[in-house]
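Good morning, and thank you for coming. Please have the sequence and the structure open as I speak.

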Amino acid sequence: MLAMGGDQVEEAVADAVAVLRQAADRDWSVKAGRLDWSCRRTAEHIASDLIAYAGQVAGRPTDRYVPFDITFEECESPEDVLQVVEATGTLLAAAVRTAPREARAFHPYPFRSANREGFAAMGVTEVLAHTHDIAEGLGIPYEAPAALCEDVLTRIFPHVRPDADSGAWRTLLWATGRGDLPGRAPLTDWRWNNNLVIPADRLTLQGVTPAAAADLRTGGTGGFEWTADGPFEGTRDAAGMVTKAYEAGVHRPEFGLFVLVRREDGRAVGGMGFHGSPDEEGRAEVGYDLAESARGNGYAAEALRALSAWALSRDDVTSLFATVDRVNAPSQSVLSRAGFTRVSGADGDGGGDGDGDGEQYAYELRG
């Protein structure tokens with residue numbers, strides 16, 4: 001899996017600066033596209049965001065932005081501003097490259113943190129979207145690299161249905177309130193969506209993006225460092241469900257797949273998540289699996305308790321349920337230790353205590 005990182009930040013900045021330098025001799029006091037800012041102010045905003053993200057990745061605060069800023073008082077020309085954009089892009093790329101994979105820092109949207117991939121993707125999006133604004137204001141053509149657009153869409157816009165006919169660039173412009181797509185209402189308010197991480201005692205449950213899900217589905221690692229025998233088949237199947245939901249435009253990231261990562265060594269040991277969004281009654285189905293080498297340590301029950309507590313704290317979830325094969329005693333034990341109660345046995349007709357092959361038991365946990 002190709003990670004979103006420093007290379008993509010540098011590519012986005014280099015491409016943007018090369019385009020904008022062609023118009024460095026024009027009047028940058030004009031409005032930038034649909035924004036109220038001037039082209040110069042918009043370029044300054046790009047640089048300010050890049051250095052702010054670099055500061056977050058380097059400092060890793062958990063509750064606020066690192067309190068520093070840059071000024072452009074000495075920048076007399078558009079060329080001066082573009083040099084600052086280049087420098088701040090290099091700083092963000094370096095911060096992302098040197099940050100540990102597990103590092104996270106504060107960002108308000110939507111779950112109050114982002115990892116190094118998230119900050120890289122947000123930085124790339126700022127460059128692409130605002131270069132579009134500046135180019136539009138200056139009257140010069142600009143089209144962002146398609147691969148970069150797809151990279152950010154599948155990482156921080158998991159809630160946006162891809163549009164193969166229109167292409168990744170037009171989809172990204174629409175997703176950031178800058179364009180139209182056939183059959184979709186224009187956006188006046190938008191946010192990107194960094195992955196959710198739910199803490200447990202010995203683990204973290206890390207939300208899987210559509211980019212990571214696509215890689216897991218086809219035999220990759222999803223960007224995680226797995227135990228030698230992981231991921232297990234169920235995790236790959238669940239990744240396929242995420243991919244299909246994303247392509248259909250019905251994926252809700254917080255009700256997708258999470259990878260279970262051990263705190264002690266950063267190794268992924270299993271997968272856990274939901275089979276879809278809650279139904280009209282607020283019921284959501286959960287599922288999980290572990291790599292064989294990680295079983296017998298209580299990881300699944302610990303993770304399920306953390307996931308259940310998070311889900312049942314929401315207004316749109318009233319209960320969780322799971323089904324398990326009658327012969328799968330270890331999985332039944334996981335559910336019981338996580339607080340679930342066996343509510344029925346289900347044979348092929350949907351009920352009874354039966355002893356038939358393939359019988360499943362239903363377990364439930366209410367808020």
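I shall speak about aromatic rings first and about one strand afterwards. Please bear in mind that this is a predicted model.

Let us begin with the rings. A pair of aromatic rings is described by the distance of the centres and by the angle of the planes. The count here comes to nine aromatic pairs. In one of them, Tyr65 and Phe106 have ring centres 5.8 Å apart and planes at 90 degrees; since an angle over 60 degrees counts as edge-to-face, this pair is edge-to-face. The two residues are 41 apart in the chain and link distant parts of it: Tyr65 belongs to the loop between α2 and α3, and Phe106 to the loop between β1 and β2. Is each partner buried or exposed? Tyr65, at 33% relative accessibility, counts as partly exposed, whereas Phe106, at 6%, counts as buried.

Elsewhere, Phe157, Trp190 and Trp192 form one aromatic cluster. Two arginines also lie over ring faces: Arg191 over Tyr109, at 3.7 Å from the ring centre, and Arg295 over Phe232, at 4.6 Å.

I turn now to strand β4, residues 203-207. Why is β4 described as largely enclosed by the rest of the structure? The reason is that five of its five residues are buried. Leu203, Leu205 and Gly207 point one way, while Thr204 and Gln206 point the other way.

What pairs with β4? Strand β3 does so in the antiparallel sense over three bridges, with Ile198 opposite Leu205, and a hairpin of three residues joins β3 to β4. Strand β6 also pairs with β4 in the antiparallel sense, over five bridges, and here Leu203 stands opposite Arg262.

Technical notes. Residues are numbered from 1 along each chain as its sequence is written. This is a predicted model: local features need pLDDT of at least 70, side-chain atom pairs count only at pLDDT 80 or more; totals for chains, interfaces and linings use all residues. Side-chain values use heavy atoms; hydrogens and water are left out. Rings of Phe, Tyr and Trp (its six-membered ring) pair if their centres lie within 6.5 Å; planes under 30 degrees apart count as stacked, over 60 as edge-to-face and the rest as tilted. Helices (H or I, at least four residues) and strands (E, at least two) are DSSP runs, numbered from the N terminus. Buried means under 20% relative accessible area, exposed over 50%, partly exposed in between (1.4 Å probe, protein chains only). A charge sits over a ring if NZ of Lys or CZ of Arg is within 6 Å of the ring centre and within 35 degrees of the ring normal. Two strands pair if DSSP finds at least two bridges between them.
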